[in-house]
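Work through these short exercises with the model at hand. Try each task before reading its solution.

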Amino acid sequence: MKSLSECREEIDTINTELLRLLERRMRVSENVARYKLANGMKIFDETREAAILEKIGSLAPEDIRSELVGTFDGIMNMSKLRQYRLVSQSSPSRELFYQALEDDTPIYRTGDPVGVQGIAGAYSHKAAMGMFPGADIRFYTDWAGVFAALKSGEISLGLLPVENSTYGSVSDVYRLIIDNDAYVVASDRLRVEHCLLARPNVRIEDITEVTSHSQALGQCAGYIRSRGYKATSAINTAVAAENVANSNRNDLAAIASVDCAEKYGLCVLETGIQDEANNTTRFAAISSRLIIPRDADKISLRFSLAHREGTLARILGYFAALGLNLTKLESRPIPSRPFEYRFYLDFIGKMTDEPVFDLICALSSELPDFRFMGNYHEYSDMDG
C-alpha cells in the first residue's frame with residue numbers, strides 16, 4: 001500500500017496533466033462558441049451532451065462510472081460557462097444593461113409620489129415612510145392599482161410586499177411585476193408584529209372572529225387555530241382595522257399593527273400574536289424603467305425550464321462556478337405548459353462585475369421566458 005505522501009504526489013502529477021488537457025479542451029470550446037455565434041446556434045445542445053455522457057458511461061469502469069460521468073458533466077458545464085461569456089458579446093440585452101448602468105438618475109427625490117396598496121396605517125404605508133422619507137404616499141385599493149398608476153406616470157415608484165419570512169412569497173405581486181414589465185429598484189425589510197385589535201371596552205373573551213389580509217392571517221395561523229377563531233380575509237390589515245372600528249360587533253377583532261389601534265380608535269387586546277417572533281416582510285420598490293443604483297448588490301431573475309433531469313442543476317452550476325450566493329429559489333408550474341416550470345431566483349451580485357454581466361446577457365438569450373427583474377440594494381433591517 002502506498003503512503004499518503006506518495007498518493008498525494010501522484011495526484012499532483014495527474015492534476016498537472018489534467019490542467020494541460022482541460023486548458024486545451026477549453027480553447028477548443030471557445031472555437032465551438034465562435035462557430036455557434038456565427039451560425040446563430042444556441043450554446044446548449046442537449047442531444048450532443050447526452051450522447052457524450054452516454055459514451056463516457058459506456059467506457060468508464062463500472063465501480064466509478066457515476067463519479068466519472070458526473071465529472072465530465074461538470075467539465076462541460078464549465079465549458080458552456082466560458083462559451084456563454086464569449087457569446088454574451090452579441091446579446092441584445094447588453095445595450096439595455098449598459099444604459100441602466102450609465103444612468104445616474106436617482107431612484108427617489110424627496111416629495112416624489114410613491115404608491116402603496118391599502119390605506120393609512122397599513123404595513124406598506126409604514127414601509128414606504130421608512131424607505132422614502134418625505135414621500136407623497138398615495139393609496140390604491142389593490143396591487144394592480146399600484147401598477148396602473150406606475151404605468152400612467154401618476155406615481156414615480158410603487159412599494160409592494162414580495163416575501164414574508166413566515167408565509168413565503170407573495171406570488172401575485174411577482175406575477176404583476178412580470179406582467180407589467182416593471183423592475184425592482186430597491187428592497188427593504190420590515191419587522192412585522194401583529195396585534196389583536198377590537199372596539200373599546202371589548203374583552204378578549206368576547207372575540208369569535210378575526211379579520212385581516214390573507215398574508216397576516218397566514219402569519220398568525222397557529223394563534224388563530226389555538227383560539228378557535230373564524231378567520232375572514234380583508235384586502236389590507238389597515239382596512240380590516242377600519243372595518244372593525246366601523247362595525248357594531250363586540251365579537252370581531254382585527255389583526256393589524258399597533259399603529260392601526262391609535263389611528264382607528266381601537267384597543268389592543270394582545271400583541272405579538274404572529275407565529276414567529278422574528279416575523280419579517282420584504283418590500284420591493286418598483287419602477288417602470290430599469291434603474292441600477294451604484295450600491296446595487298442583489299439581482300432578481302425569472303426563467304422557465306422544461307421538467308427534465310439536470311436542467312436546473314446545469315443553470316445553478318454557472319452561479320456556483322462564479323462563487324455567487326443564491327438567497328432565493330422558487331419554482332411554480334406554468335398552467336399553459338404542462339410539466340414546465342417557472343423559476344424565481346435571487347442572488348448576491350452586481351451587474352458592474354463583468355463575469356456576472358456576461359452571464360446575465362448570455363442567459364437572457366439562451367433561456368426561454370427569461371426576465372431580468374432588477375439589480376438593486378437590499379437593506380437588512382428597517383428598524384435599525
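**Exercise 1.** Find the volume of the second largest pocket, then describe its lining.

Solution. The second largest pocket has about 340 Å³ of space. Here a pocket is an open set of points on a 1 Å grid over the protein atoms alone, where a 1.4 Å probe fits, with protein on both sides within 12 Å along at least five of seven lines; lining residues have an atom within 4 Å of a point. Volume is the space filled by probe spheres set on the points, which are joined across faces, edges and corners. The lining has 13 residues, and Glu49, Leu53, Asp73, Glu309 and Gly310 lie closest to the centre. H2, H3 and helix H12 (311–321) each give two or more of them. H2 gives the most, four residues. Helices are DSSP runs of H or I, at least four residues, numbered from the N terminus; strands are runs of E, at least two.

The model is predicted: local features need pLDDT of at least 70, side-chain atom pairs count only at pLDDT 80 or more, and totals for chains, interfaces and linings use all residues. Residues are numbered from 1 along each chain as its sequence is written, and side-chain values use heavy atoms, without hydrogens and water.

**Exercise 2.** State how many disulfides the count gives, and explain the case of Cys220.

Solution. A disulfide is a pair of cysteine sulfur atoms within 2.5 Å. The count is zero. The sulfur of Cys220 has its closest cysteine sulfur in Cys195, 9.3 Å away, which is too far for a bond. For Cys267 the closest cysteine sulfur is also in Cys195, at 11 Å, again too far.
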